[in-house]
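Me: Got a minute to go through this model with me? I'd like to talk about helical spans, cores and pockets.

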Amino acid sequence: MTGRFGRFLVGLPPYAWLALFFLVPFLIVLKISLSEPSAGAPPYLPLWEWDEAGNLAFHFNPANYGMLFGDDLYLSAYLNSIRIAGISTLACLALGYPAAYAIARAPLAWRQSLLLLVALPFWTSFLIRVYAWIGILKTEGMLNAVLLWAGVISEPLQILQTDLAVIIGMTYSYLPFMVLPLYATLEKMDLTLLEAAADLGCRPFKAFLAVTLPLSMPGVIAGSLLVFIPAVGEYVIPDLLGGPDTLMIGKVLWAEFFDNRDWPVASAVAIAMLVLLVAPIMIIQNARTKAEEKAEGRTGR
Amino acid sequence: MILRGLLILAYAFLYIPIAVMIVFSFNASKLVTVWGGFSTKWYGELLHDEKVLDAAWLSLKVALASATLATVLGTLAAVVLVRFTRFFGRTLFTGMVTAPLVMPEVITGLSLLLLFVAMEAAFGWPAGRSVTTIVLAHATFSLAFVTVVVRSRLATMDRSLEEAAMDLGARPLKVFLTITLPLIAPSLLAGWLLAFTLSIDDVVISAFVSGPGATPLPIVIFSKVRLGVSPEINALATIVVAVVAVAMVVAGRVALRKDEARTG
């Protein structure tokens, strides 16, 4: 792929496509988040226009952002999203770490299949997997039936339409995103370090805390962010499994856009969400770039 | 031993919900939690549901088009990232390729819709929300996934064949088409399949960019699911799961055979 012109031809289509369909839309969201809502179509007023005298007139409307801070609804949705996404991330970690560890230490011949079993649900429909939980969690659903039968509870629990159902749904949907990066770091680990620790009289559990856990931190961080970032903005899971009072920022954005038809406020909610997520997104990008450049440097040319 | 138990627990957690849903799709009773005997009547009813069939057909077309578009663009993006180490705006490009992977869907959906509205106001295209807008939106967010898959393959492939062809005087384009492309073909297939399943599964982005005339299958399922669990949806879900599973097995075999043909 030598020659400047050849490179230009290869690079232009994806570059131009992403600039038009990924970068420009954010600028438009930013613009509309500052404009005034209107009853017409599109339901917002232009941010700037030329008046008769030929002067440029701006109509900034920071009130959309003022509303986010002024109304408790937005703030509690914001905080609740962070809380639910955070708990789901921890649950994924608690379930995913032992699973990834077990796969990484399984016989070599098994690892690919075990890993495929983790990734497979990701390939089946996300919507359908969330839907499947409704039948399990509802009051007359399977989980309550099993618990009643086993005598653990004496009357059915209300799980569906609570935050707990949302957390279960999130943990379920995002578990593969946690296991795969964890596996990648645990599998690469130099096992002689553990042998050395054992030779020096270190107990397995202590060796895990002193050697394995610190070495797997890149995987823990990558997995946690891959779960946390999309979970914060989730719409489908809180809508299907949560109740009317399960407030999440993704649901608020959806309601502002589709039910209230308030595009400027929906845009302001989107910008507020991005501000929250921009730091974790940057961290994950840096980690990914570093890892990939390392891999490319080692095996490339 | 404890570890193995935990692993089995994780797999149970992943697979039991899907298994329950498949079992109850064959339930004769309309009540979704009471077993009323084996029946395939819900599948029969599905075949006569015009709305579902239309939506499925539309989703299939959208997924084919957007996955193909995403594979072409994603492969080019992967070539740029792996082979062109220095160019203007590389950081920006890397950011734009990887950010869609984690971007919450509501933000992607809203921003693309606002873009389409602004474009229509400025150039009169795309007119309204239609198949075109869904394809453009799906291609954009699945492009990033294709890039990840192709990029790792491209980064780890053996370049000596390319160098040999180059030494023998083949032009870069010819080297790419006759050497590189066949070598990375399995990853292109994997990327295409990933893009296809992402598209055929997408609810949130489609909700923003689809119009009344073009409703993809997930939107139809979603509006039915919001009304509660029904055996008909269980049947539909089972078909979707079965189709994906078959596609995965076939793709896995194809990729495996290609690998074997090359290495042994």
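Me: How far apart are the end C-alpha atoms of residues 62-84 of chain B?
Reply: This is a predicted model, and in it those end atoms sit 32 Å apart, with the span 96% helix and 0% strand.

Me: And what about residues 96-119 of chain B?
Reply: There the end C-alpha atoms are 20 Å apart. Helix makes up 92% of that span and strand 0%.

Me: Which residues of chain B does UniProt list as "transmembrane region"?
Reply: The unreviewed UniProt entry gives 7-26, 62-84, 96-119, 131-154, 175-197 and 235-256.

Me: OK, new topic. How many residues are in the largest nonpolar core?
Reply: It has 174 residues. Those with the most contacts inside it are Ile103(A), Val236(A), Val106(B), Phe116(B), Phe208(B) and Val209(B). Helix α3 of chain B, residues 50-83, gives the most to this core, with 14 residues.

Me: What does Val236(A) touch?
Reply: Leaving out residues up to four places away in sequence, Val236(A) touches Phe126(A) and Leu127(A), plus Val203(B), Val204(B) and Phe222(B).

Me: Now pockets. What's the volume of the second largest one?
Reply: About 610 Å³. It is lined by 22 residues, and the closest to its centre are Met282(A), Gln285(A), Gly95(B), Met96(B) and Ala99(B).

Me: Which helix supplies the largest share of that lining?
Reply: α13(A), with nine residues. α1 (4-33) of chain A and α4 (90-102) of chain B each supply at least two.

Me: How does the lining of that pocket divide into nonpolar, polar and charged?
Reply: 14 nonpolar, six polar and two charged residues.

Note on methods. Residues are numbered from 1 along each chain as its sequence is written. Chains are lettered from A and ligands numbered from 1 in the order in which they are written. This is a predicted model: local features need pLDDT of at least 70, side-chain atom pairs count only at pLDDT 80 or more; totals for chains, interfaces and linings use all residues. Side-chain values use heavy atoms; hydrogens and water are left out. On a 1 Å grid over the protein atoms alone, a cavity is a set of points where a 1.4 Å probe fits but cannot get out, and a pocket is an open set with protein on both sides within 12 Å along at least five of seven lines; lining residues have an atom within 4 Å of a point. Grid points are joined across faces, edges and corners, and a volume is the space filled by probe spheres set on the points. Helices (H or I, at least four residues) and strands (E, at least two) are DSSP runs, numbered from the N terminus. Ala, Val, Leu, Ile, Met, Phe, Trp, Tyr, Cys and Pro count as nonpolar, Asp, Glu, Lys and Arg as charged, and the others, Gly among them, as polar. A nonpolar core is a set of buried Ala, Val, Leu, Ile, Met, Phe, Trp, Tyr and Cys residues joined through side-chain atoms within 4.5 Å. Buried means under 20% relative accessible area, exposed over 50%, partly exposed in between (1.4 Å probe, protein chains only). Contact means heavy atoms within 4.5 Å. UniProt positions are given in the numbering used here, feature names are shortened, and annotations may be inferred rather than shown by experiment.
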